[in-house]
Amino acid sequence: DGYSKREKEMGLPTMDIADIRELDRGEPLRVYDDVVVGGYVTANDGAGNVYRTFTIDDGTGAVEVQAGGYELHNYYPVGRYVAVKARGLTVGAYNGVLQMGMKPAASSGGYQTAYFGHRAEMERYVFAADKFADPLPMTVGIAALTDDICGRLVKLDALTHVPSDDPP
């Protein structure tokens, strides 16, 4: 069937990330069904601009995984395929970014998801395959920068520089 033993253990994706985004109603959503999403890592903490998370994109959307660890780029480098078994996890959004992680504590300050408590806990839900592909950005114009593509790798199209008369 073309799938490795590890990929079979992970479970094949049963839902697109875009479909999960459509379920977002502004409140945390606990997943009770056997849902698996998968995608290629497009962002991690390797450059120091992402904190304790990494993002996967399946071509329909992106989700930020609330990994909770440090130096995640060593385990989840850009381009690595990752599957997430979502049953028992919570899905929410923060500033338009779709997130998947643990259920937040009541004192979470309004965050809809929480980091995994430790690596062993995360590895019950998150599986990295020995499968890699260079992430390709989707080309969009400024008007297309909506929450639907928040977290996705994009290349802005048709931009022009308009000089300002005001000194810097």
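User: What makes the residues of the largest nonpolar core a core, and which of its 26 residues touch the most other members?

Analyst: In this predicted model, the name nonpolar core is given to buried residues of certain kinds, Val, Met, Phe and Tyr among them, that are joined through side-chain atoms within 4.5 Å. The largest such set has 26 residues, and those that touch the most other members are Phe54, Tyr76, Val82, Val84, Met100 and Val126. Two or more residues of this core come from each of helix 2 (17-23), strand 2 (36-43), strand 3 (54-57), strand 4 (62-65), strand 5 (80-85), strand 7 (97-101) and strand 8 (126-132).

User: Which residues is Val126 in contact with, once its neighbours within four places in sequence are left aside?

Analyst: With those neighbours left aside, Val126 is in contact with Phe54, Val65, Tyr76, Val82, Ala83, Val84 and Phe116. Contact here stands for heavy atoms within 4.5 Å.

User: How many helices and strands does the chain have, and what pattern do they follow along the sequence?

Analyst: The chain has three helices and 10 strands, and, read along the sequence, these follow the pattern α-α-β-β-β-β-β-β-β-α-β-β-β.

User: How do you know whether the radius of gyration agrees or disagrees with that of a compact globule?

Analyst: For 168 residues, a compact globule would have a radius of gyration near 15 Å, and the chain has 17 Å, so the value agrees with that expectation. The C-alpha atoms fill a box of roughly 60 × 45 × 30 Å along the principal axes. Of the contacts with a separation of 6 or more, 60% are between residues 24 or more positions apart, and 40% of the 168 residues count as buried.

User: Why is Thr90 called buried or exposed, and what is it in contact with?

Analyst: The relative accessibility of Thr90 is 2%, and because buried means under 20%, Thr90 counts as buried. Thr90 is found in strand 6 (residues 90-94), and, leaving aside its neighbours within four places in sequence, its contacts include Pro28, Leu29 and Arg30, as well as Gln99, Met100, Gly101, Gln112 and Thr113.

User: Why is Ala43 called buried, exposed or partly exposed?

Analyst: Partly exposed is the class between the buried limit of 20% and the exposed limit of 50%, and since Ala43 has 23% relative accessibility, Ala43 counts as partly exposed. Ala43 has its place in strand 2 and touches Phe54, Thr55 and Val78, not counting residues up to four places away in sequence. Ala43 and Ala105, for their part, are 62 residues apart in sequence and 26 Å apart in space, C-alpha to C-alpha.

User: How do you know whether Asn95 is buried or exposed, and what is said of its phi?

Analyst: Exposed means over 50%, and Asn95 has 64% relative accessibility, so Asn95 counts as exposed. Asn95 lies in the loop between strand 6 and strand 7, and its phi is positive, at about 50 degrees, although Asn95 is not a glycine.

User: Where is Ala158 found, and why is it called buried or exposed?

Analyst: Ala158 is found in the segment after strand 10 (154-156). Its relative accessible area is 69%, which is over the 50% limit, and therefore Ala158 is exposed. Ala158 also has a positive phi, of about 60 degrees, although it is not a glycine.

User: What share of the accessible surface of the chain belongs to carbon and sulfur atoms?

Analyst: The accessible surface comes to about 9,900 Å², and 51% of that surface belongs to carbon and sulfur atoms.

Conventions:
Residues are numbered from 1 along each chain as its sequence is written. This is a predicted model: local features need pLDDT of at least 70, side-chain atom pairs count only at pLDDT 80 or more; totals for chains, interfaces and linings use all residues. Side-chain values use heavy atoms; hydrogens and water are left out. Buried means under 20% relative accessible area, exposed over 50%, partly exposed in between (1.4 Å probe, protein chains only). Helices (H or I, at least four residues) and strands (E, at least two) are DSSP runs, numbered from the N terminus. The radius of gyration is taken over C-alpha atoms; the globule rule is 2.2 Å times the number of residues to the power 0.38. Accessible areas come from the Shrake-Rupley method with a 1.4 Å probe; for residues, only the protein chains shown count as cover.
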